[in-house]
Amino acid sequence: MTQKRLGENSKMRGKIQCFCGACSITLADHEAKCYIRCGCSDCRRFAEYTHSKGGLPPVPLPRLFYFKSDILTIKGKESIKVLKVRANGASTRLCCNRCYSVLAVDHPAHWGNVLMIMPDYCRHNCDLTRPLSAYIHMSEFDAEEDAEWEPYAPLFESFRFRRQRMQYDLLPDRIPWRDSFRPKGMRLNDLIKNLKKVEVLGFSEDRKSISDLEEQIENLNREIRSVNNQMILMREIVDKSELKKSKAQSEMISLSEKLLYYEQKFGIIKSS
Ligand SMILES: [Zn+2]
Ligand SMILES: [Zn+2]
């Protein structure tokens, strides 16, 4: 108990600084709790944007490190820009408005408990020894596989399926993100509210690759084929059994609604 308390108190602080020295934040705990690499196009396009403003050049697969969202001090508030890539974008990024270093990133999936830093685009004294937990959004990443990839870290192409989101939430380093805690300083999402100046860059929606779109179409076709087959089966049941009739009918209604939805969204698709 005493040892634990000692450990808590002796936590080293983490300083995240921009390259020109205009702004920085200090975290109560300098130890990264989770490490992820992201292949999403927003990470890439945002880095292209900051680079065009004088920031560091984009790296192919940025490293994301997650810390307890507990900010003890903020230096150079007036130099901090708060940016979203589009109005409905999930992430909010804190940048230096002079050198365009990225200080920290907030995302609703952090439950307010966690903040993310991108060490490829800032200076810091944090402990980044955490092993890699996962690769994410890899369907948006076009480059070839390279030999330096960590072969044992799970790779998520997208979070389109609920089971992918569940598997991601169940990564051992991500489970504690939900644990609430009382910060000694300020949480990142409170700091963002406090700064009151979110600027929207207005990037267009994802530029998906052709192969990605083809895969999506193939998946949709597969689903439509399966909906059609289920409807045929339901019709047979309706014909055969009075007992199962009403259940099958309501099932058919929901299947035809699903089919209608796909047709409205993607046009009539042949189910052969
Ligand atoms: Zn700066
Ligand atoms: Zn990303």
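**Note on the aromatic groups, zinc sites and cores**

1. F46, Y49, Y100 and F203 form one aromatic cluster, where rings of Phe, Tyr and Trp (its six-membered ring) pair if their centres lie within 6.5 Å, planes under 30 degrees apart counting as stacked, over 60 as edge-to-face and the rest as tilted. The charged end of R93 sits over the ring of F46, 4.8 Å from the ring centre; the criterion is that NZ of Lys or CZ of Arg is within 6 Å of the ring centre and within 35 degrees of the ring normal.

2. Some words on the basis of these values. This is a predicted model, in which local features need pLDDT of at least 70 and side-chain atom pairs count only at pLDDT 80 or more, while totals for chains, interfaces and linings use all residues. Residues are numbered from 1 along each chain as its sequence is written, chains are lettered from A and ligands numbered from 1 in the order in which they are written, and side-chain values use heavy atoms, with hydrogens and water left out.

3. The zinc ion (ligand 1) has as its protein donors C18 (SG), C20 (SG), C96 (SG) and C99 (SG), at 2.3 to 2.4 Å, a donor being an N, O or S atom within 2.8 Å of the metal (3.2 Å for Na, K and Ca). The 4 donor atoms subtend angles of 106 to 113 degrees, so the arrangement is tetrahedral, a label given to four donors if all angles lie between 85 and 135 degrees. C96 counts as buried because its relative accessibility is 0%, and C99 does so at 14%; buried means under 20% relative accessible area, exposed over 50% and partly exposed in between (1.4 Å probe, protein chains only).

4. Around the zinc ion (ligand 2), the coordinating atoms are the SG atoms of C38, C40 and C43, at 2.2 to 2.3 Å, and these residues follow the spacing C-x1-C-x2-C in sequence. Water is not among the atoms, so sites may look incomplete.

5. The largest nonpolar core (buried Ala, Val, Leu, Ile, Met, Phe, Trp, Tyr and Cys residues joined through side-chain atoms within 4.5 Å) has 34 residues, and those with the most contacts inside it are I16, F67, L94, L115 and L188. Helix 4 gives the most to this core, with 4 residues.

6. The whole structure holds 10 aromatic pairs. The rings of Y35 and F65 are stacked, because their centres are 4.2 Å apart and their planes lie at 10 degrees. Both Y35 and F65 are buried.

Notes
Four donors count as tetrahedral if all angles lie between 85 and 135 degrees; four count as square planar and six as octahedral if opposite donors are over 155 degrees apart and all others between 65 and 115; anything else is irregular. Helices (H or I, at least four residues) and strands (E, at least two) are DSSP runs, numbered from the N terminus.
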